[in-house]
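Colleague: Please put the model up, and I'll keep asking you how you know things.

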Amino acid sequence: MQNPHSSANSNANINPSIPTPNQDPAIQPQPRRPRGFAATAAAAAAEASPIAPASAKGKREREKEKERTKLRERHRRAITSRMLAGLRQYGNFPLPARADMNDVLAALAREAGWTVDPDGTTYRHSPPPQQMAAFTVRSVESPLSGSSLKNCSVKSALDGQPSIVRIDESLSPASLDSVVIAERDTRSEKYASASPITSVECLEADQLIQDVQSGDHVNDFTGTQYVPVYVKLATGVINNFCQLADPEGVRQELSHMKSLNADGVIVDCWWGIVEAWNPQKYLWSGYRDLFNIIREFKLKLQVVMAFHEYGGTDSGDALISLPQWVLEIGKENQDIFFTDREGRRNTECLSWGIDKERVLNGRTGIEVYFDLMRSFRTEFDHLFAEGLISAVEIGLGPFGELKYPSFSERMGWRYPGIGEFQCYDKYLQQSLRKAAKLRGHSFWARGPDSAGHYNSRPQETGFFCERGDYDSYYGRFFLSWYAQSLIDHADNVLSLASLAFEDTKIIIKVPAVFWWYKTASHAAELTSGYYNPTNQDGYSPVFEALKKHSVTMKFMCSGLQVSSYDNDEGFADPEGLNWQVLNSAWDRGLSVAGENLLSCYDREGYMRIVEMAKPRNDPDHRYFTFFVYQQPSPLAQGTICFPDLDYFIKCMHGDIAV
């Protein structure tokens, strides 16, 4: 008897190209797939072929689509995690640690009195007879569109059938995240009186939404909280010689504000004008004349201590630079300014590395700021006593916002670039080396090597891409130090501001860096100083520091919807950022105010800001303490739509319905 193993071994040595006696000669075996070096050689040959460019382009497109899919999925998971956290914290829902949307739907259904079986069947035990109906559920992409609702209908069942929501098992889990719409059958005509939705065969989307809103009065702001509105005066009202440029024009402007029932005005006090030529030689004459005119109109006044540069870009605005004596010091010691990786200096504001370095004619950075604030308080102490000056805003960075100058247009930045880290002056580098040494890893005393440039996209960099170095041990160390430097700067300046403006409301402006918010790394927020990726809350530590000084946090409100960015390559989410920042500040007991960006001053944008200032669904009834309207041009020029602005102010005051 023949050994089967020997037979198998002998057959294994047969040349595969020669058919065996039991093999059909017409059927040839498939060639083996090349492996190892053979595979590499085959790939090189394929690239050298004429069709290689097209296939390579297709591969790149597929990789890009994969990356976009990952970003969308990460954003969806981030939203889900926030929903779950809110339900656990505020709703006492017993959700498992790794709950998904099915668990959320089941918990909400049980809370509403429904029974949910393990297989997903959902029903009520004893429904009223008039509500007995069966529904077939289909999924519609959210947000709702007109075409999605044109064919909506409600399908009724036969009399006596229990009311059960049956979910089609063919639906994917992702489809359960979308809006549920019921379909109507023609047999449900006899149930027309059961619901207003079933009283028509089909409703257009805008009609349906309008009916629901009019029924619930969701846009009625009559009787809501009174939110004071301040209007910001144009920057050029005081010229570079600290003179009031156009007194009659100012009076006309204030007259318009008074007619609109604005509560007060905002005036920028520029460091580069007041202390322009010599250190500790302050000139307040132009501001004194301006404040006297404001007093005539009986308007409240908020003053901004502006320690940054203004204008000088492609917009054509007049340049208000830092004081000339500071710029002279900067020629000898350029490290007093923020510096990017290429060594370019940014003169918008002073580096936070010199906050405690005596490099400004024997004074430190925070001492220079304090001396200006103390001089202002001494000069206008009588206006504080009268109550004319109701608050003082302290500028803490470019545009007066608490952030690094990472998005400088003079350096070539354009939206939606991620910006660059600004930590390469010698003083911040010394701080980084000290932090790395304390951590026990001196070789970490460097900036990221693969963070791209001002106009890079996250997926183009090794640091900000999916699973990039930002989440490595080194990345977490660097970003923590970078964000802590921002917090320390705010803490240092506010400690002295509290002394200069004792018993006066102090305001700090926080930026709205909403582009790349839908990505995992939140790259633009990281370069601006907010360590806020999807797995980290970057705003809570900042607000904890601000809370120590009892300041008011003023947030820049875009007034834009997510739908405005549906096709945006910057993966922007202004509404998501607004929700996180405002709730984080409110949860820590901070007073919150708002200011509009120049990009929104139509009625639709105004109404979104009103909704943000006085959120209807907030169980704690929190709202803005005031709002600053930043005008794109002086009111007297007539380019502003007065009816829309008047409408907005009345809504903020709670005097009118939308």
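Colleague: Which residue comes right after helix 19, and what is the sign of its phi?

Modeller: Gly654 follows helix 19, and its phi is positive, near 75°. Before we go on: this is a predicted model, with local features needing pLDDT of at least 70, side-chain atom pairs counted only at pLDDT 80 or more, and totals for chains, interfaces and linings using all residues. Residues are numbered from 1 along each chain as its sequence is written, and side-chain values use heavy atoms, with hydrogens and water left out.

Colleague: What makes something a helix or a strand here, and how many of each are there?

Modeller: Helices are DSSP runs of H or I with at least four residues, strands are DSSP runs of E with at least two, and both are numbered from the N terminus. The protein comes to 19 helices and 15 strands.

Colleague: How do you know that the length of helix 19 agrees with what is expected?

Modeller: The expected span is 1.5 Å times one less than the number of residues. Helix 19 has 12 residues, so it should span 16 Å, and its end C-alpha atoms are indeed 16 Å apart.

Colleague: Which residues of helix 19 are buried, and what covers them?

Modeller: Buried means under 20% relative accessible area, exposed means over 50%, and partly exposed is in between (1.4 Å probe, protein chains only). In helix 19 the buried ones include Asp644, Leu645, Phe648 and His653. Their cover includes strand 6, helix 18 and strand 15.

Colleague: Why are helix 18 and helix 19 called roughly parallel?

Modeller: We fit axes as lines to C-alpha atoms, for helices over the stretch in contact, and take angles from 0 to 180 degrees between N-to-C directions. Under 35 degrees counts as roughly parallel, over 145 as roughly antiparallel, 65 to 115 as roughly perpendicular, and the rest as oblique. The axes of helix 18 (residues 603–613) and helix 19 (residues 642–653) come within 10 Å and cross at roughly 10°, so the two are roughly parallel.

Colleague: Which residues meet there, and how do they divide into nonpolar, polar and charged?

Modeller: Contact means heavy atoms within 4.5 Å. Among those meeting are Tyr606, Met607 and Val610 in helix 18, and Leu645, Phe648 and Met652 in helix 19. The contact divides into 11 nonpolar, no polar and 2 charged residues. Here Ala, Val, Leu, Ile, Met, Phe, Trp, Tyr, Cys and Pro count as nonpolar, Asp, Glu, Lys and Arg as charged, and the others, Gly among them, as polar.

Colleague: How do you know that strand 14 pairs with strand 13?

Modeller: Two strands pair if DSSP finds at least two bridges between them. Strand 13 (residues 552–557) and strand 14 run parallel and have 6 bridges, one of the partnerships being Lys554 with Ala593. Strand 14 also pairs with strand 15 (residues 627–629) in the parallel sense over 2 bridges, where Gly594 has Phe627 as its partner.

Colleague: What sort of sheet do these strands belong to?

Modeller: A closed barrel of 8 strands, in the order 6-7-8-11-12-13-14-15, with parallel pairing. Neighbouring strands of this sheet are turned by 30° against each other on average, direction ignored.

Colleague: Why is strand 14 said to be largely enclosed?

Modeller: Strand 14 (residues 591–596) has 5 of its 6 residues buried, so it is largely enclosed by the rest of the structure.

Colleague: What is unusual about the phi of Cys242, and why does this residue count as buried?

Modeller: Most residues other than glycine have a negative phi. Cys242 has a positive phi of about 55° although it is not a glycine, and it lies in the loop between strand 6 and helix 7. Its relative accessibility is 0%, so it counts as buried.

Colleague: And Asp503, is that buried or exposed?

Modeller: Asp503 has a relative accessible area of 78%, so it is exposed. Asp503 has a positive phi too, near 65°, and its place is the loop between helix 14 and strand 12.

Colleague: What kind of peptide bond joins Tyr415 and Pro416?

Modeller: A cis one, with omega about 5°. Most peptide bonds are trans. Pro416 is in the loop between strand 11 and helix 13.
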